[in-house]
Amino acid sequence: MTASHWGAGVVETHADRIVAVHPHPDDPHPSLINQNIASSLNGRARVLRPAVRSGWLENGPGGGTRGEDSFVEVSWDRALDLVAAELTRVRDLHGNGALFAGSYGWSSAGRVHHAQSQLKRFLNCQGGFVRSKGNYSYNAALVLMPYIVGPYRDHVAQATRWSVIAEHSDLVVMFGGMAGRNTQVSDGGVARHRMRDNLAACHTQGVRFVNLSPMKRDADAELDAEWLPPRPGTDTAVMLGLAHSLLVQGLCDRDFLDRYTIGFNRVERYILGRDDGVPKDAQWAGDISGIPAERLIALARDMAHSRTIITCAAGVQRADFGEQPLWMTVTLAAMLGQIGLPGGGYTIGYGVNANIGNIERPFRSGTLPQGTNAVDKFVPVAMISDMLLNPGARYDYDGAQRQFPDIRLVWWAGGNPFHHHQDLNKLRRAFQKPETVIVNELNWTATARHADIVLPVAAPQERTDFGAGKSDNALVPMPAHVAPPGEARIEYDIYADLSARLGTADHFTEGRDIEAWTREIWTTTQTEARRHGVSLPDWEAFLAGDVLTLPDPSANQVFLADFRADPVAHPLPTPSGRIELFSHAIAGFALNDCHGHASWMPPRDQPSALYPLNLLSGQPGTRLHSQLDNGAFSLSRKIRGREPVILHPGDAAARGIVDGDVVEIWNARGRCLAGAVVSDAILQGCAFLWTGAWYDPDFDAEQHRDRHGNPNVLTHDLRTSSLSQGPAAHSATVQVARFEGVVPDVLAHDPPRFSP
Ligand SMILES: Nc1nc2c(c(=O)[nH]1)N[C@H]1C(S)=C(S)[C@@H](COP(=O)(O)OP(=O)(O)OC[C@H]3O[C@@H](n4cnc5c(=O)[nH]c(N)nc54)[C@H](O)[C@@H]3O)O[C@H]1N2
Ligand SMILES: Nc1nc2c(c(=O)[nH]1)N[C@H]1C(S)=C(S)[C@@H](COP(=O)(O)OP(=O)(O)OC[C@H]3O[C@@H](n4cnc5c(=O)[nH]c(N)nc54)[C@H](O)[C@@H]3O)O[C@H]1N2
Ligand SMILES: [Mo]
């Protein structure tokens, strides 16, 4: 048995090697991502021994060029001596505030060995570090929603169940769709994939779906969804057009707005164009979005006359001014007046994982305690490049002015910024700034290649653990199936040895080895379970057994039903206790990129003669982000070794591109190769390149061309707005052409160059 973010699996070994991970028999729709595991774990890219960048080794901290120098393999003793000495040096000279260990990333499932928890516990015992705040998934929602409705994570957990939608809804209007491929995954694990059957039940019950997304397959074919593709970044305009149609057709629920919201009068003036002379009517919205005005007017009427739930994919906010479609989703739903009714209202983020609207955890499992961080400094997660490039500079975030720390040492465990961050050429420049970069990795990812000291670590199937997805109702045993390859080690043991060198062993280990901690964490989980009336087996029995399923705590929940029933007894945690369609707090920040109510701002990069296509870069169906990109299933979908890019037949023909061609994609920030998939299931004028192909820069080529197809060489690092500073990957424009040169080999799945 094993657990992963994309599901439980049954591990088959042969002669001390993992040869396959099979679907768990109880999972109705197991993810094929498991098919990557054996080939990836046994692949050429595994880090087998500790390695140090030659330029750093020869010239000391800061020497040489990250990403280009060769590596020198060293013994563990040598590597740990170097790390301990460097940590001590940086702390003595600059203090703990010069250490950055935000380490954003998904790492692997497994409660005990969670990479970030391990690193943070270790560094907290050393006096702390600068952390990161927020995420790449839905940062705009994390910052915005508390002002207008309440904490976003709570709302995701409280999302109306699909069983309720199947029974009560007539219409599901989906901005950004609800891509089935994304619901393979859930943070920490998903033992049973329920989404497909739950959506099928909606369809069987006659629920209609409308998919407002540039990609037709953002709604699975079985839903028979109507496809109304807006131009990327224009959802706020579409929603305003719908809102205008409601107003002028007299379909707005005034009672709801009066009782449950504040500030609608301001929004109404804006929608009607009272102050700027621009009515945000269906014609206006149609011109901006490309969706016919008549269709918007009819859809607004249909929404008002049906039990309608509006959904907005998390990805829609991963764009310029990404707060606006969120705020406008809430505004539109409030105007319909169905918030808190079964099957009505809105949810932001259905489809962002397997469990939302399907299942919840009755209680939290135990985790490795991280201790306390004595450094009280954070950086918004997607400001990593700006932070490294501009120490001491000021920036806006969440209504306050803040200052970047002066970072000398970066430590990353469990994430891949050279996959996840925008504008990778800028990140490469930023990564030259610190004196030392330490990376713990399974594989020679681009981030490992941009490090100075690389520590090889065990994979989930090579250590004993248990899975407990954050929103899943299962506990999954994860016995070690094989030993780590080469000299790769369990991360806890690495930190224990380092702590001994630094004189903090007792503090870090509390006298326990990893097995003792594992038992301790299981005991905590048992205690927590007992408090919820659940009795869990002892550790040995659990580890030798099958997936354990916990009771569903809220099978028929309806989002904001309490608030609707009694807004006085159950006020929202907003300043007014109501839904804030106008926020005095946000208006008070006087930002030019996020006003006091939802408003339309065109994306910064507009298609031009030079860069005529909108680039979209959503999550890949064949892997989790960059994880397992070198696995068999992920590789099976590549085109001549490159990541597929989906192009509309009209855009392809205009460029002489046919299906299967290697193409070059570029803009002023960078360029990459990719493999063309020509399909009319994408809106003309868009190119969709999956994220996660391991970045493979060719330093001899123009703009360090990436040979493999990583969209983040093309995306910008300007972020959503100065309110939330979230990543805005979906707002980029590019040009595409057939690649006429000799197609180079992709080297990203091979180890780097080593020197003796
Ligand atoms: N253009 C574009 N960019 C995007 C997105 C997009 O839509 N478009 N999406 C964004 C989103 S939503 C996200 S969440 C991010 C995801 O970005 P990341 O979470 O950084 O991506 P992963 O590929 O999951 O990286 C996890 C890394 O951890 C390593 N790892 C796994 N297990 C362990 C372990 O036990 N120990 C250690 N030390 N390492 C381990 C893996 O080998 C892998 O390199 O990407 C973001 N980037
Ligand atoms: N298989 C698999 N599943 C995953 C992941 C993975 O790596 N692999 N990653 C997981 C993670 S970390 C996250 S955060 C979630 C993300 O889940 P989502 O945020 O829902 O997914 P995305 O793929 O980023 O975006 C959804 C869709 O939005 C559409 N879109 C982009 N721009 C616009 C726009 O301007 N308007 C409209 N209307 N639509 C637009 C794109 O076509 C895209 O397919 O997925 C999770 N699920
Ligand atoms: Mo994410």
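Reader: Which element gives the most to the lining of the second largest pocket?

Author: This is a predicted model, and the second largest pocket in it holds about 720 Å³ of space. Helix H8 (195-204) and strand E25 (644-647) each supply at least two residues of its lining. With 3 residues, the element that gives the most to this lining is H8.

Reader: How many residues of the lining of the second largest pocket are charged?

Author: The second largest pocket is lined by 28 residues, and those closest to its centre include Arg-181, Gln-184 and Arg-637. Sorted by class, the lining has 12 nonpolar and 9 polar residues, and the number of charged residues is 7.

Reader: Is Arg-161, which meets Asp-552 in a salt bridge, buried or exposed?

Author: Side chains of opposite charge can pair when their charged atoms come close. Arg-161 and Asp-552 meet at 2.8 Å, N to O. The two are 391 residues apart, with Arg-161 in the loop between helix H6 (152-157) and helix H7 (162-168), and Asp-552 in the loop between strand E22 (548-549) and helix H23 (561-565). Asp-552 is partly exposed at 27%, whereas Arg-161 has a relative accessibility of 2%, and because buried means under 20%, Arg-161 counts as buried.

Reader: What separates Glu-515 and Arg-519 along helix H21?

Author: The side chains of Glu-515 and Arg-519 form a salt bridge of 3.2 Å, N to O. Glu-515 is partly exposed at 46% relative accessible area, and Arg-519 is partly exposed at 32%. Both belong to helix H21 (residues 514-531), and because they are 4 residues apart there, what separates them is about one helical turn.

Reader: What is the relative accessible area of Glu-520, which meets Arg-512 in a salt bridge?

Author: The side chains of Arg-512 and Glu-520 meet at 3.5 Å, N to O. Arg-512 counts as partly exposed, at 23% relative accessibility. Glu-520 is also partly exposed, and its relative accessible area is 34%.

Reader: Which helix gives the most to the largest nonpolar core?

Author: In soluble globular proteins, nonpolar side chains tend to be buried together. The largest nonpolar core here has 157 residues, and Met-145, Tyr-346 and Ile-665 touch the most other members. With 9 residues, the helix that gives the most to this core is H14 (residues 323-336).

Reader: How many residues are in the other core, which has Val-83 and Phe-542 among its members?

Author: This core lies apart from the largest one. Its members include Leu-123 and Ile-521, and its residues number 54.

Reader: Which elements give two or more residues to the lining of the largest cavity?

Author: The largest cavity has a volume of about 50 Å³. Its lining is made up of Met-145, Tyr-152, His-155, Val-156, Tyr-346, Thr-347, Ile-348 and Phe-559. By class these are 6 nonpolar, 2 polar and no charged residues. The elements that give two or more of them are H6 and strand E13 (345-348).

Reader: How many charged residues are in the lining of the second largest cavity?

Author: The second largest cavity has a volume of about 40 Å³. Strand E1 (2-4) and strand E2 (7-14) each supply at least two residues of its lining, and Asp-472 is one of the lining residues. The lining divides into 6 nonpolar and 5 polar residues, and the number of charged residues is 1.

Methods:
Residues numbered from 1 in each chain as written. Chains lettered and ligands numbered in written order. Predicted model: local features only at pLDDT ≥ 70, side-chain atom pairs only at ≥ 80, totals over all residues. Heavy atoms only, no water. Salt bridge = Lys/Arg side-chain N within 4 Å of Asp/Glu carboxyl O. Buried < 20%, exposed > 50% of the residue type's maximum accessible area, 1.4 Å probe, protein only. Core = buried A, V, L, I, M, F, W, Y, C linked by side-chain atoms within 4.5 Å. 1 Å grid on protein atoms, 1.4 Å probe; cavity = no way out; pocket = protein on both sides within 12 Å on 5 of 7 lines; lining within 4 Å. Points joined across faces, edges and corners; volume = space filled by probe spheres on them. Nonpolar A, V, L, I, M, F, W, Y, C, P; charged D, E, K, R; others polar.
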